[in-house]
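Q: Could you take a close look at the aromatic side chains here, and at how their rings are arranged?

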Amino acid sequence: MARNEEKAQSMLNRFITMKQEEKRKPRERRPYLASECRDLADAERWRSEILREIGAKVAEIQNEGLGEHRLRDLNDEINKLLRERGHWERRIVELGGRDYSRSSNAPLMTDLDGNIVAVPNPSGRGPGYRYFGAARKLPGVRELFDKPPETRKRRTRYEIHKRINAGYYGYYDDEDGVLERLEAPAEKRMREEVVTEWHRVERVRREAMKGVMSGEVAAAGGRGGEAAREVLFEGVEEEVEEERKREEEKREREKGEDAGREFVAHVPLPDEKEIERMVLERKKKELLSKYASDTLLVEQEEAKEMLNVRR
């Protein structure tokens with residue numbers, strides 16, 4: 001069997017091809033100016049032909065191995081065809097045809113980073129020069145598509161305070177009522193605890209003041225004496241104990257120094273119980289002056305004078 005090339009070169013096939021070309025009309029050239037076309041169908045046909053040429057050249061310009069000069073020529077030809085297409089579309093509208101400039105389908109494209117984005121000015125109907133395919137990576141062109149680094153502008157004090165309102169300070173927290181419902185049980189419990197503690201302290205304070213009026217605070221025992229000490233002599237017992245220890249050490253040191261020598265006292269000296277009573281009396285006065293008012297102290301003195309109570 002003969003090969004396909006031999007079949008195509010055979011006399012019969014060449015004769016048939018020649019006859020078909022004779023019957024075919026001469027190829028009609030596209031008018032140079034769109035305004036020369038008077039038929040709407042012809043205008044649509046010329047527009048479709050331009051679109052096919054644009055598609056073929058756009059597919060060809062994707063090849064980066066064509067060289068810089070060939071890529072630039074292809075890009076120029078595509079831009080020229082885009083402008084020509086715009087002329088034919090305007091002519092179609094003038095002849096009463098469809099307005100292709102108002103197409104709602106936005107085509108997509110892939111940028112240099114591999115992201116799919118919308119084609120800017122997809123119709124090519126506006127002013128400006130466009131780059132396609134590998135022409136976008138040519139020297140001097142790539143820099144046009146590089147986005148400048150975003151410089152983060154520092155906010156001024158005015159811009160910072162412009163967004164601050166009463167809600168920033170928590171003044172709107174109680175408007176929805178959620179916080180109030182959550183805090184109500186805890187607030188009630190804390191209030192009851194504070195009130196109970198206040199009543200306990202007041203009760204103990206009254207008992208302690210009764211003991212002070214009767215002069216039995218220091219010698220009081222049992223539950224009442226402990227309650228009085230808790231309120232009036234809080235932190236005083238340790239000081240009394242330390243002072244008593246210092247007095248004992250001082251007395252022992254004096255005894256060691258004066259050992260073998262008889263000591264003659266010309267004035268009556270207080271014993272250990274008397275010193276403790278005097279210290280407690282002094283601390284009691286300090287606490288009363290701190291927590292009691294002047295009126296209460298005057299009434300206390302008057303009551304002691306009437307009852308003939310020794311200080």
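A: Here is a walk through the ring pairs, and then the charges that sit over rings. This is a predicted model, where local features need pLDDT of at least 70 and side-chain atom pairs count only at pLDDT 80 or more, while totals for chains, interfaces and linings use all residues. Residues are numbered from 1 along each chain as its sequence is written, and side-chain values use heavy atoms, with hydrogens and water left out.

The structure has three aromatic pairs; rings of Phe, Tyr and Trp (its six-membered ring) pair if their centres lie within 6.5 Å, with planes under 30 degrees apart called stacked, over 60 edge-to-face and the rest tilted. Take tyrosine 129 and tyrosine 131: the ring centres are 5.0 Å apart and the planes meet at 70°, so this pair is edge-to-face. Tyrosine 129 is partly exposed at 40% relative accessibility, and tyrosine 131 is partly exposed at 23% (buried is under 20% relative accessible area, exposed over 50%, partly exposed in between, with a 1.4 Å probe and protein chains only).

Tyrosine 168 and tyrosine 169 also pair up, with centres 5.2 Å apart and planes at 90°, so they're edge-to-face. Tyrosine 168 is exposed at 58% relative accessibility, and tyrosine 169 is exposed at 54%. Both belong to one aromatic cluster with Tyr171.

Now for the charges. Arginine 45 has its charged end over the ring of tryptophan 46, 4.3 Å from the centre; "over" needs NZ of Lys or CZ of Arg within 6 Å of the ring centre and within 35 degrees of the ring normal. Arginine 47 does likewise with tyrosine 100, its charged end sitting over that ring, 3.6 Å from the centre.
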